[in-house]
Every structure is written in C-alpha cells, then in structure tokens.
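Student: I've got a model on my screen and I'd like to zoom in on one spot in the packing. Can you take me through it and then work outwards?

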Amino acid sequence: MSSDLLRLLLPVALLASCSVKEDRSACPCALVLDFSALPVTPVMLSVEGEACSILQVVHSDTLMTLSVPRSDLSVSVTGGALPDGTGGVQVPYGEEAAPLYLFHASVSSEADQVVLPVHLRKQFCQLSLVFSGPPGYGPPFEVEVEGFVGGWLRDGSPSEGPFSHRLLPGKDGTATLRLPRQQDDSLLMHIVFSDQVVRTFALGNYMAAAGYDWSAPDLADLTLHVDVSVTSVTISTDEWSQTEEIELFI
C-alpha cells in the first residue's frame, strides 16, 4: 500500500474509532436502598415521584435496588405502624401512640445510580409515671394524659390534633404510655377519681424542666416519679425535682 493511500485512510480510521457519548437522560435510575440494622420489622417502603409510585413491604435487613425515573423522589419508610393515605400516621383518640420508627428523605435520581442508607428514627417517647405516697395512698385513681398532637406527618413532624389516653396505675404505682413527638410543652396530666378530674399538672413543662428534648432525632424514654404527700406533690427524675403545693388530692 502506498504512503499516499495511507495518508488518505488514516483520518477515516481515527474517526471510526471515536465514540459519541450515549444520551442516557431517558434511561431509568437504579435506586439502591440500604436497609441495615432495622430497629423493627417488617417496614413499609413508599417511593413517590413523577410517573413513580412504589409501595412495598420489607421483611428483613437487605439491599434493595429499584428502577425509578430520573426525577425528584420522596422516599418514606415506616415501622411499628401503618401510614394512612397521606403517608402520615394518626393516633386514634383515646389510645396511646404507636411505637413508630420512621425514615423520610427527598432524593434526586438524575444519576445512573443513587445509594440511599435508610436509618429509621424513633418517633415516640415511652413515659413511665411512678406514683408513691403516704400509708394508705394508692389506686383506685386513673391518670389521663392530654395533648394537642394527634400523630405524625409523612416527614415525621407532629400532626396537630386531639390526644388523650387514660390508664390505671399498676399495683406498683406505675403507669406507662407512649407519646407522639410533640411540637411544644403543652402536655397535661390529669388525676381522675370517680370520673372527676381532681388535679391537673403541666406535664409538658415538667418534662422540659427535666431536660427532655422533643427535637432529638431518636426520642428518649423518660421516667417521672410522682411523690404525693398530704399537702404537696413532688415530680422528679434521678437528677431533677420540683415540688408543687396542693389544696385538694385524693
């Protein structure tokens, strides 16, 4: 082959060896969900977005890959309670809160692959009220906790609504209930005798004074000791106490 012919063919060969970058804008994204160390099982997965609606139950720790369109997505995972049609969870009036664990994230799936670690957060406080008093003191009386948060929105923030749960302390004087995440310190505690409220305490204020943090990613449990005397009530934890004078008690 002559050198002149080689000079003519070389540019053609180089052109043929070059590739045009593929346009993948219409290709789906691989959304990889990392479900490691789930605090509860099963959990409900919800993925919502433009031309995308996925609802699936996850039964154990796993890696899950979903094919999703390239758009903005809302990913929610709930455990311990079933979400309603809005993705939130409501507490039926008169009942205690569900033991809800929740994860929520907004995700852009414009890449070929997106890896999303799923960390479920504890959205309830288990409150234990331990009552004690002078000789002869004790049930029958009931404790009613009242509030103004009736559940959780899709992202885990408090959902306004009436909350009330009444319970009878056990033989050891302990009453335990679950509370949903609160937005302020407005919780109330009523002492009820023969269906009559005989004393009301600003429970939310006492919890705040004891250092309770409703904004924590994982809500802590709390035990309050309620010591009743003839003239006062002392509410305390191991590190804090507050005494309130009373005029009427059971």
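Student: Leaving aside its neighbours within four places in sequence, which residues is Met207 in contact with?

Tutor: Quick housekeeping before we go in. This is a predicted model, where local features need pLDDT of at least 70 and side-chain atom pairs count only at pLDDT 80 or more, while totals for chains, interfaces and linings use all residues. Residues are numbered from 1 along each chain as its sequence is written, and side-chain values use heavy atoms, with hydrogens and water left out.

Now your residue. Outside its immediate sequence neighbours, Met207 is in contact (heavy atoms within 4.5 Å) with Cys125, Leu179, Leu187, Tyr212, Trp214, Leu222 and Leu224. Leu222 and Leu224 are also touched by Ser128, which sits in strand β10. The other residues that Ser128 touches, not counting those up to four places away, are Thr174, Ala175, Thr176 and Thr223. Ser128 counts as buried because its relative accessible area is 15%; buried means under 20% relative accessible area with a 1.4 Å probe and protein chains only, exposed is over 50%, and partly exposed is in between.

Step back and you'll see that Met207 belongs to the largest nonpolar core, a set of 35 residues. By nonpolar core I mean buried Ala, Val, Leu, Ile, Met, Phe, Trp, Tyr and Cys residues joined through side-chain atoms within 4.5 Å. Leu127, Leu179, Met207, Leu224 and Ile235 touch the most other members. Two or more residues apiece come from β10 (124-132), β11 (142-152), β13 (174-180), β14 (188-193), α2 (203-209), β16 (222-228) and β17 (232-236). Those labels are DSSP runs numbered from the N terminus: helices are H or I with at least four residues, and strands are E with at least two. Apart from this core lies another, of 26 residues, including Cys29, Leu33, Tyr101 and Leu120.

Leu33 leads us to Val75, which touches it along with, among others, Leu45, Ser46, Val47 and Phe103, not counting residues up to four places away. Val75 is in strand β5, and it counts as buried because its relative accessible area is 0%. Glu48 is 27 residues away along the chain, yet the two C-alpha atoms are separated by 6.6 Å.

That brings in the sheet: five strands in the order β3-β2-β5-β7-β9 make it up, open and with antiparallel pairing. Two strands pair if DSSP finds at least two bridges between them. The edges are β3 (52-58) and β9 (121-122), each pairing on one side only. Seven bridges join β2 to β3; Glu48 stands opposite Ser53, and the partner of Ser46 is Leu55. Two residues lie between these strands in their hairpin, where Ala51 takes a positive phi near 60 degrees.

Ser46 and Leu55 come up again at the largest pocket: with Pro83, Asp84 and Gly87, they lie nearest its centre among 13 lining residues. β2 (43-49) and β5 (72-79) each give two or more residues to that lining. On a 1 Å grid over the protein atoms alone, a pocket is an open set of points with protein on both sides within 12 Å along at least five of seven lines, and lining residues have an atom within 4 Å of a point.

For the whole protein, count two helices and 18 strands, with buried residues making up 42% of the 250.

Note on methods
1 Å grid on protein atoms, 1.4 Å probe; cavity = no way out; pocket = protein on both sides within 12 Å on 5 of 7 lines; lining within 4 Å.
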